[in-house]
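Please put together a short briefing on this protein for a first-year student. Keep it brisk and group the points by topic.

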Amino acid sequence: MAGPSDPGVSAARWKRHIVRQLRQRDRTQKALFLELVPAYNRLIEKAELLAQFSEKLQPEPTHVTRALLQGPWEEESGPDSDRVPSPAALRVKWQEEEEGLRLVCGEMAYQVVEKSAALGTLESQLEERQSRLAALEARVAQLQEAREKEAGQVGARRALNAAQRAAYEALRVHVGHQEAALRRLEEEARDLLDRLVRRKARAAAERNLRNERRERAKQARVSQELKKAAKRTVSISESPDTLGDGIREEADTLALAAEPLESEAGEKWKRPFRSASATSLTLSRCVDVVKGLLDFKKRRGHSIGGAPEQRYQSIPVCVAARLPTRAQDVLDAHLSEVNAVRFGPNSSLLATGGADRLILLWNVVGGRLEANQTLEGAGGSITSVDFDPSGSQVLAATYNKAAQLWKVGEAQSKETLSGHTDKVTAAKFKLTRHQAVTGSRDRTVKEWDLGRAYCSRTINVLSYCNDVVCGDHVIISGHNDQKIRFWDSRGPRCTQVIPVQGRVTSLSLSHDQLHLLSCSRDDTLKVIDLRVSNIRQVFRADGFRCGSDWTKAVFSPDRSYALAGSWDGALYIWDVDTGKLESSLRGPHCAAVNAVAWCYSGSHVVSVDQARKVVLWH
């Protein structure tokens, strides 16, 4: 039995439909001629009757002539004059009937012509419809073939789909087995990691114990050497050329005694001993060295087991900063644009942060940047980085509504300072490593106790904050409402507001905390004298434009110059005292410069841009 989709049944249905259409057309055309045919038949019958009547009347004209020759009196004398009409009357009647028949014949002929024209039109329409029907039949055949082809493709697709579904089910079962195996491996890995951590902890405890014993022994030796050095009398000559053997011996003894202290006291003690070995010892230099060692001993206490006091590295003092003239190293450091850069206190460690959520630490070695470490775990784009005064911690502001703290040497974040409700745009250490300040787009500035990761104070502002800097007892914040606000860290209120022309993008405080450098979106840099709280200098330059709302400008370490990057990739340097443009550097950057940093020794400058580049200038 054929189904409803059988091609033969469909073709039979189309044929029946065509036959019904043809029959309907025949009935319609036949109805148009139903009146014409009977009228034409009647006309033919009348014509035959008239022909017969004319044949009968052909011999009558002789009789009519004879009757006309007779007088009127003969007409009444005939016996049949009352019954038979006269020939003249018959002729007139015949002519009238003939005229009527002619008129009827004319009308009928006109109707025949009209009907013939209509019939021709209908025949042409019939031919046109027949041609359309033939075209439709051909189209139906094509569609039927296409339908059969599509039906074959559908069958093939269904078979392919069934095969793929079976393969998918097999893969799903295989994935289930693999996930179970992965879970088993992860459990084993966690077990192995726990065992490794326990072993490492035991090894670290043993190593710490050995180091502590070794350190105590070193401290005991240092104490003995210092006692001997303090009791020994030395003859000292002011001239380096007449330096006695006693001084040289004493200097060698002090240098040997100071070696264990260098690892304990850090960079603060490295620089004086390095200077003493590099130059000839004078009286004052020798006395200063001995005094520093004795002071260090006194601060640590005579007990070798006492807890060491927390102290910071001394920041190198820059007597005169050198203007950068050329690019020494160019790196595509990050995966996306770089937003922040900062030198560590020792000028040899550099941190950069970008939109790729990474903080990269670099060593400046021989005029080149060498990768040191990657700090991971940031929850969003990095907008600001800062080192603590000791250079052992890195604080970063991120777009995930928090600031995060890393310890140098550890890849993962140590603390997360959560509490803001919008992007954190700035994060800076205060003068101690245990306190920090953050600014955010949620219109707040927060102070943090890093020892407890606790927000100790929240300052509400009318505009969101773009940057903050910290002094001894003051917090300075730059805002989007074109104002710089000063906050006393010991009081709850704003102590001063200085308006500037343009949204503030960055702030930089000089090392003597007497001058403040601001950068704003009106494409100017302003130097504010904090002693009198007014704007001392305004820096402009042809071609200089801020490339973003977070463009950073900085002082040189000696506060002689102001440095900022422009939207076209150029660096502009102004003289703070004269207000003149000292230099403009172009070359490696092909996109807007986001931030710049000047090392504390004054010898290097680093700039970062929106095209992932980090450039070291010398």
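The points below cover a pocket, a sheet, a loop residue and a covered strand. This is a predicted model. Its largest pocket holds about 1,100 Å³ of space. Strand β6 (382-387) helps to line that pocket and also belongs to an open sheet of four strands.

**The largest pocket**
- The lining is made of 43 residues. Arg342, Asp386, Leu509, His511 and Tyr600 are the closest to the centre.
- By class, 26 lining residues are nonpolar, ten are polar and seven are charged.
- Several strands each supply at least two lining residues. They are β2 (338-343), β6 (382-387), β10 (424-429), β14 (465-470), β18 (504-509), β22 (553-555) and β26 (593-598).

**The four-stranded sheet**
- The strand order is β6-β7-β8-β9, and the pairing is antiparallel.
- β6 and β9 (415-418) are the edge strands. Each has a single partner strand, so one side of each has no neighbour in the sheet.
- On average, neighbouring strands of this sheet are turned by 20° against each other, direction ignored.
- β6 and β7 (residues 393-398) run antiparallel and are joined by five bridges. Within this pair, Ser384 has Ala397 in β7 as its bridge partner.

**Gly377, before β6**
- Gly377 sits in the loop between β5 (368-375) and β6.
- Gly377 has a relative accessible area of 45%. Residues from 20% to 50% count as partly exposed, so Gly377 is partly exposed.
- Leaving out residues up to four places away in sequence, Gly377 touches Gln404, Trp406 and Gln412.
- Ile359 is 18 residues from Gly377 along the chain, and their C-alpha atoms are separated by 9.3 Å.

**β28, a covered strand**
- How many of the five residues of β28 (residues 613-617) are buried? Five of the five are, and the strand is mostly covered.
- Both faces of β28 are covered. Lys613, Val615 and Trp617 are buried on one side, and Val614 and Leu616 are buried on the other.
- β1 (residues 327-332) runs antiparallel to β28, and five bridges join the two. Here Asp332 stands opposite Lys613.
- β27 (residues 605-609) also pairs with β28 in the antiparallel sense, over four bridges. Val608 has Val614 in β28 as its bridge partner.
- β27 and β28 form a hairpin with three residues between them. Arg612, in the turn, has a positive phi of about 75°.

Terms used:
Residues numbered from 1 in each chain as written. Predicted model: local features only at pLDDT ≥ 70, side-chain atom pairs only at ≥ 80, totals over all residues. Heavy atoms only, no water. 1 Å grid on protein atoms, 1.4 Å probe; cavity = no way out; pocket = protein on both sides within 12 Å on 5 of 7 lines; lining within 4 Å. Points joined across faces, edges and corners; volume = space filled by probe spheres on them. Nonpolar A, V, L, I, M, F, W, Y, C, P; charged D, E, K, R; others polar. Pairing = 2+ DSSP bridges. Axes fitted to C-alpha atoms, helices over the stretch in contact; angles between N-to-C directions. Buried < 20%, exposed > 50% of the residue type's maximum accessible area, 1.4 Å probe, protein only. Contact = heavy atoms within 4.5 Å.
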